[in-house]
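Let's take a friendly walk through this structure, one part at a time. Have a look at it first, and then we'll start with a helix.

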Amino acid sequence: MEKSRVLVVGGTGYLGRRMVKASLAQGHETCVLMRPEIGLDIDKLQMLLSFKAQGARLLEASLDNHRGLVAAVKQVDVVVSAMSGVHFRSHNLLLQLKLVEAIKEAGNVKRFLPSEFGMNPARMGHALEPGRVSFDEKMEIRKAIEEANIPHTYISANCFAAYFVPNLCQMRTLLPPKEEVHVYGDGNVKAIFMDEDDVAAYTIRCIDDPRALNKTIYLRPEENILSQNELIAKWEKLSGKVLEKIPIPSEEFLASIKGTDLANQVGIG
């Protein structure tokens, strides 16, 4: 079977760069959207040039230039969006509405994968304010995709491992605790932790699979489903050091959010 030509939007981002790498590794003709808005960001420019050196094509187009975006989309079969939805970096999920319009007009895209990759937003109606904003926006994008009858696949990868595993699920740090660890609730609620390179690899594997068409794909390897207590126990075994456990009841957890900056409130929520 002939492999699809892939366009990655947000290719210099945290997950996007992994999508580019996975697409190239799996033998797809791979294009990366190069937005003029990159301006003086030398790191992003050098990353784009490194993609080019690895065999990717750079397609220059702005999300604010509909005609140029349509022209870029017409050169590929599949569009993968990895635009950021986290407030402490950049938050631009709704810019994808412009991408949806371009894909609709181009009329040639056989699969669109919008920027999801976390919890399934359709199941997050109970999410806390203001943290639910990302889920609400993802649902707005889904509505636009489905109303435009664009073939799609949604990827639900739950928790990115690098953000939740090394810190044992501690807030506002990526480093492991040295002496004590906060345990949320009873610490027995299970979560699914996904290696980000695996998220990208599985995402690209889905794009030509007819079984994934107009479906939500859940990434949940059995060995990756762990409670916080199990995660802590694994770290203690590896490090040879027992941490002091400090239980944080839900009321205390929720109270700690109030009065902090919006990015923190959204992230914790």
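Which elements cover the buried residues of α8? The cover includes α6 (161–164), β10 (180–184), β11, β13 (225–227) and β14 (244–248). Keep in mind as you read that this is a predicted model.

## Helix α8, inside and out

Helix α8 takes in residues 228–239, which makes 12 residues. At 1.5 Å a residue, a helix like that should span 16 Å, and its end C-alpha atoms are indeed 16 Å apart, so the two agree.

Four names make up the buried set of α8: Q228, L231, I232 and E236. Look down the helix axis and these buried residues fall within an arc of 135 degrees, so they line one face of α8. On the face turned away from that buried side you'll find the exposed residues K237 and L238. Right after the helix comes G240, with a positive phi near 75 degrees.

## Helix α1

Now hop over to α1, where the buried residues are G16, M19, V20, A22 and S23. What do they pack against? Their partners are β1, β2, α2, β4 and α7. Just after α1 sits G27, which has a positive phi of about 85 degrees.

## Two nonpolar cores

As a bit of background, nonpolar side chains in soluble globular proteins tend to be buried together. Here, the largest nonpolar core has 29 residues. Within this core, the residues with the most contacts are M19, F51, V80, F117, V199 and I207. Several elements chip in with at least two residues each: β1 (6–9), α1 (16–25), β2 (30–34), α2 (42–53), β4 (78–81), β11 (190–194) and α7 (196–206). The largest share, four residues, comes from α7.

Let's zoom in on V199, one of the core residues with the most contacts. Setting aside neighbours within four places in sequence, V199 is in contact with L15, F117, A157, F160, M194 and L219. Apart from this core lies another one, made of 27 residues, including L7, L63, V79 and I145.

## Salt bridges

Side chains of opposite charge can pair when their charged atoms come close. How many salt bridges does a search of the whole structure find? The count is 13. We'll visit a few of them.

Start with K241 and E179, whose closest N and O atoms are 3.3 Å apart. K241 lies in the loop between α8 and β14, while E179 lies in the loop between α6 and β10, so this pair ties together parts that are 62 residues apart in sequence. K241 is partly exposed, with a relative accessible area of 36%, and E179 counts as exposed at 54%. Another salt bridge joins the side chains of K245 and E236, at 2.7 Å from N to O. In that pair, K245 is partly exposed at 39% relative accessible area, whereas E236 counts as buried at 16%. Then there's D136 with R132, where the closest N and O atoms are 3.0 Å apart. D136 is partly exposed, at 35% relative accessibility, and R132 is buried, at 18%.

## A loop residue: V189

Where does V189 lie? Its place is the loop between β10 and β11. Is V189 buried or exposed? V189 is exposed, with a relative accessible area of 66%, and over 50% is what it takes to earn that label.

Leaving out neighbours within four places in sequence, V189 is in contact with L226, S227 and Q228. Q228 is a name you've met already, as one of the buried residues of α8. For another reference point, take W235: V189 and W235 are 46 residues apart in sequence, and their C-alpha atoms are 17 Å apart in space.

## Cysteines

How many disulfides does a search of the whole structure find? The answer is zero. Take C169, which is in no disulfide: the nearest cysteine sulfur belongs to C159 and is 7.3 Å away. A disulfide would need the two sulfur atoms to be within 2.5 Å. C169 is buried, with a relative accessible area of 12%. C31 is buried too, with a relative accessible area of 0%.

Definitions and conventions: Residues numbered from 1 in each chain as written. Predicted model: local features only at pLDDT ≥ 70, side-chain atom pairs only at ≥ 80, totals over all residues. Heavy atoms only, no water. Core = buried A, V, L, I, M, F, W, Y, C linked by side-chain atoms within 4.5 Å. Buried < 20%, exposed > 50% of the residue type's maximum accessible area, 1.4 Å probe, protein only. Contact = heavy atoms within 4.5 Å. Expected span 1.5 Å × (residues − 1). Arc of directions from axis to C-beta. Salt bridge = Lys/Arg side-chain N within 4 Å of Asp/Glu carboxyl O.
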